[in-house]
Amino acid sequence: MGDPQQQQMIREAMKAIAERKPGRSKLVYDKTKRTIVAVVEGAQTPRALNITADDADMFAVVTVSSRWLREQWPQIMRDRVTSTLFSSWDDGDAFTQCNLGIHPAPSIIQGAVLFGDGIEPPDGTQLRVILTPTQNSNLDPSTFVAPDGSTHCAEGRRTSNNSDEAVTAVFVDVQPALATRRAGILETSILSDKSVLVFGVGTGGAHAAIELAKCGVGRLILVDPDRLSVGNVVRHPGGLSQVGRLKVKVVCDLIRDKNPDAQILTHPVALTYANVETMKPLIAQADVVICATDNRPSKLLVNKLCIEANVIAVYGGAFRRAYGGQVLRVRPRQSPCHECFVAAMPEESTDIEVSSVADAEEIAYSDRPVAIEPGLSLDVLPIANMVTKLALMELLAGKPSSLSILKRDFDAPWYLWLNRPEPGTQYASWPPLSESSDEMTINRWYGIYFERDLACSACGDFTSALAASYGIDAASLETLSSLPSKE
Ligand SMILES: [Zn+2]
């Protein structure tokens, strides 16, 4: 029913039906002819069908927040009318109450909810939602239950070009609806008291933060100093209309549009030693830290601070041009930390994606320039998903959940994923995915175990190890460990 002219004809026909007076002909939809025909009132038309809104989705829809209307109830009982704004989408095909989400349409219209048909709406009102008390206990989406328990059916009317069009009114209750969808896997409130701190909200970090909010995580702290550029948009969940905004603000809005009850704190702060005093209190508030930055110094700094604060951290990173990636989960002083990882697997730890000028400069130690060669969003998302899942497992630890069964699957500290057998890497000779059943291939996660470095300067007993290697008394080195460390 895409033809606007045909749509208009049907609307007029529907209006005629709605306003029909005794003795006039009646318009019905003839299923066989697939068209609207006029029949005389009272005539038997066995092959014709009365049109309802369900038969043909030709009405625009107006969506109103039930929570908002419950809050407005005392006022609407007193004044019989309350005004609100609606986003008008797709040439007036859908009207969404602006305070339902955070992204308004380019066109906003004035609307009003009226208690009864005889009420005059305020000047400039283009869309009316008219409430009529009903005894009908069949609650359909156009029925509203008031805080006093009374039920009301709603009818939408839109004024355009001096004519009045019917619009289907729908009430939505955001929070119960979102929570119900999650309830099959996660208890509705199981994660609402949890805080996750995300360092770096580029493609991977943004995806993880949004996914955790969709799972119902109640509090997200976003740290990233960068602004969204046109080049980012090819991968980042933020779009071209957001270019120039701080990435933390873009991601904050994306989360609020998914989970309006999430508490989100944004900090456009660089992860450097100069900002350690800003970072420390943020880490102290977090149940889990996600580090999705693309350079090693920032990861090692986050590692050091999280071990000091005894907060679990999950590190995700793509290899160059995102031919693969890795995820490391650090349970302080229980599993290998990021520095242990660098010591154990120096090759893997230096293979990082070059996705920005800053990253390229970071890596270009020699006089040879390093090209910016970001991978595809498609290849970053598996890694971001794994980061999210490991973070989720840590948040659910000790809580009853059907996901607890995954504890045995996510036991290893480090996970490897390959999108392709990149030439020139140690993985180039991996067998094809389609042929291999027992050898490592692309598109599979591998959990890999390695030991903590007991002499690790971040999580190990560095002083004792150093003393032992020089054959001296550890006590004499105690003063060294209390010196401030530098990068
Ligand atoms: Zn360590």
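In this predicted model, helix α6, which spans residues 247–256, lies across strands β13 and β14 and runs at about 170 degrees to β14. The two strands beneath this description are themselves joined: β13, residues 219–223, is connected to β14 by five bridges, and the two run parallel. Within that pairing, Leu 220 has Ile 264 of β14 as its bridge partner.

Both strands belong to an open sheet of eight strands with mixed pairing, whose order is β14-β13-β12-β15-β16-β17-β18-β19. Its edges are formed by β14 (263–267) and β19 (446–448), each of which pairs on one side only. Between neighbouring strands of this sheet the average turn is 15 degrees, with direction ignored.

Next comes a pair of helices. Helix α7, covering residues 276–285, and helix α8, covering residues 296–309, have axes that come within 10 Å and cross at roughly 50 degrees. Because angles that are neither under 35 degrees, nor over 145, nor from 65 to 115 count as oblique, α7 is oblique to α8. The crossing of these helices is right-handed. On the α7 side the contact is made by Val 276, Met 279, Lys 280, Ile 283 and Ala 284, while α8 contributes Leu 305, Cys 306 and Ala 309; by class, this contact has seven nonpolar residues, one charged residue and no polar ones.

As for confidence, the protein chain averages a pLDDT of 84, and 77% of the residues score at least 70. Over residues 481–487, however, pLDDT stays under 50, and the model has four contacts beyond four places in sequence for that stretch. Where pLDDT is low, the predicted coordinates should not be read in detail.

Methods:
Residues numbered from 1 in each chain as written. Predicted model: local features only at pLDDT ≥ 70, side-chain atom pairs only at ≥ 80, totals over all residues. pLDDT = per-residue confidence, 0-100. Contact = placed C-beta atoms within 7 Å. Pairing = 2+ DSSP bridges. Helix = DSSP H or I, 4+ residues; strand = E, 2+ residues; numbered from the N terminus. Axes fitted to C-alpha atoms, helices over the stretch in contact; angles between N-to-C directions. Left-handed = near helix turned anticlockwise from the far one by under 90°. Nonpolar A, V, L, I, M, F, W, Y, C, P; charged D, E, K, R; others polar.
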